[in-house]
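Biologist: I would like to learn how to read a model like this one, feature by feature. Could we take the ligand surroundings, the sheet, a helix and the core in turn?

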Amino acid sequence: LSIRASSYADELVKTAKTVASPGRGILAMDESNATCGKRLASIGLENTEANRQAYRTLLVSQGIVPGIKVDKGLVPLAGSNDESWCQGLDGLASRSAAYYEQGARFAKWRTVVSIPNGPSALAVKEAAWGLARYAAISQDNGLVPIVEPEILLDGEHGIDRTFEVAQKVWAEVFFYLAENNVMFEGILLKPSMVTPGAECPVRATPQQVAEYTLSLLKRRIPPSVPGIMFLSGGQSEVEATLNLNAMNQAPNPWHVSFSYARALQNTCLKTWGGAAENVEAAQQALLTRAKANSLAQLGKYTG
Ligand code: 13P
């Protein structure tokens with residue numbers, strides 16, 4: 001039995017390597033309309049298409065590899081402990097082919113795992129299986145899949161509990177990625193950093209976050225995966241930069257970088273405030289964060 005490799009194999013490897021190259025990361029700006037509405041409300045703007053477009057137009061600049069969110073969002077997972085699953089596999093192959101034609105070269109699918117709600121074995125399995133099917137379909141259509149099982153920060157648990165859950169989740173994700181014949185050289189990962197729960201009174205230093213997160217990656221992620229692009233998950237801008245910088249103090253088998261939304265956009269969004277005359281200042285604010293995180297990717301951020 002031979003498994004047919006994607007006809008895009010060489011291009012997938014090249015795309016993944018381009019995104020995961022020194023000093024580079026990803027600006028996540030694919031918030032759902034609902035999430036974008038929350039962000040706009042924080043600066044007193046209405047959630048209209050015009051406002052979303054005005055804001056996102058200010059965010060994009062040149063020399064980028066465009067990617068697209070292809071999942072259809074989270075819905076309750078029947079039979080679980082109030083957990084969710086991520087929809088979007090139906091029709092995914094034809095949508096992906098169309099996105100490739102339109103110029104997209106990578107895709108994103110965000111599923112979440114909640115520690116306070118379990119996670120149940122069912123929720124973890126569903127998350128891992130869905131990600132693996134999406135990854136196989138993406139590669140078949142020329143898109144590098146970003147594999148993102150977001151382990152939510154919410155909760156009072158300590159960092160050891162996050163570590164335990166993350167080990168379980170990533171073991172399962174890689175089990176199903178392999179079962180679905182996904183080519184590891186042509187994927188990117190988007191993990192949560194291993195941190196204490198957001199409501200845990202015991203906080204961790206960037207060095208501790210780096211130590212836990214890197215030992216998770218070393219135990220679970222093969223070196224053939226080119227890039228690990230962390231989400232910020234509600235960390236402050238500076239915290240997210242410091243944690244990334246701490247992880248890059250010694251060479252890693254993979255390109256360890258960022259795919260932040262909030263930790264790149266918070267100040268930018270506030271600076272813009274919906275006013276055309278603030279666009280340039282907002283772009284500067286975005287560039288400041290992008291440069292800081294680019295330095296952190298190289299392990300050279302000094303604050
Ligand atoms: P945050 O960096 O705000 O967590 O968002 C990243 C993202 O795109 C989650 O899918």
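Modeller: Let us begin with the classes used for a ligand shell: Ala, Val, Leu, Ile, Met, Phe, Trp, Tyr, Cys and Pro count as nonpolar, Asp, Glu, Lys and Arg as charged, and the others, Gly among them, as polar. Please keep in mind throughout that this is a predicted model.

Biologist: With those classes in hand, how many nonpolar, polar and charged residues does the shell around the ligand have?

Modeller: The shell has 5 nonpolar, 2 polar and 3 charged residues. The residues that surround the ligand are Ala-28, Arg-110, Glu-148, Leu-231, Ser-232, Gly-233, Tyr-260, Ala-261, Arg-262 and Ala-263.

Biologist: Next, what is the order of the strands in the open sheet?

Modeller: In general, strands of a sheet pair through backbone hydrogen bonds, and the pairing is either parallel or antiparallel. Here the open sheet has 7 strands in the order β1-β9-β8-β7-β6-β5-β2, and the pairing is parallel. Its edge strands are β1 (26-27) and β2 (67-69), each of which pairs on one side only. As an example of one pair, β5 (residues 106-113) and β6 (residues 144-151) run parallel and are joined by 8 bridges, and Val-112 stands opposite Glu-150 in β6.

Biologist: Which residues of helix α1 are buried, and why are they said to line one face of the helix?

Modeller: In α1 (residues 9-19), the buried residues are Leu-12, Thr-15, Ala-16 and Val-19. Viewed down the axis of α1, they fall within an arc of 95°, and therefore they line one face of the helix. The elements that cover these buried residues include β1, β5, α5 (121-140), β6, β7 (188-189) and β8 (227-230).

Biologist: And how many residues has the largest nonpolar core?

Modeller: In soluble globular proteins, nonpolar side chains tend to be buried together. The largest nonpolar core in this model has 76 residues, and those with the most contacts inside it are Leu-131, Ala-135, Ile-187 and Leu-188. Helix α5 gives the most to this core, with 10 residues. Beyond its neighbours within four places in sequence, Ile-187 is in contact with Ala-16, Ala-135, Val-144, Pro-145, Val-147, Val-182 and Val-225.

Biologist: Finally, where is Ser-114 found, and does it count as buried or exposed?

Modeller: Ser-114 is found in the loop between β5 and α5, and it counts as buried because it has 20 C-beta neighbours inside 10 Å. Not counting residues up to four places away in sequence, Ser-114 touches Glu-83, Pro-119, Leu-152 and Asp-154.

Terms used. Residues are numbered from 1 along each chain as its sequence is written. This is a predicted model: local features need pLDDT of at least 70, side-chain atom pairs count only at pLDDT 80 or more; totals for chains, interfaces and linings use all residues. A residue is near a molecule or strand if its C-beta atom, placed from the backbone, lies within 6 Å of it. Two strands pair if DSSP finds at least two bridges between them. Helices (H or I, at least four residues) and strands (E, at least two) are DSSP runs, numbered from the N terminus. A residue is buried if 20 or more other C-beta atoms lie within 10 Å of its own, exposed if 12 or fewer, and partly exposed in between; C-beta atoms are placed from the backbone. The arc is that of the directions from the helix axis to the C-beta atoms. Two residues are in contact if their C-beta atoms, placed from the backbone, lie within 7 Å. A nonpolar core is a set of buried Ala, Val, Leu, Ile, Met, Phe, Trp, Tyr and Cys residues joined through C-beta atoms within 7 Å.
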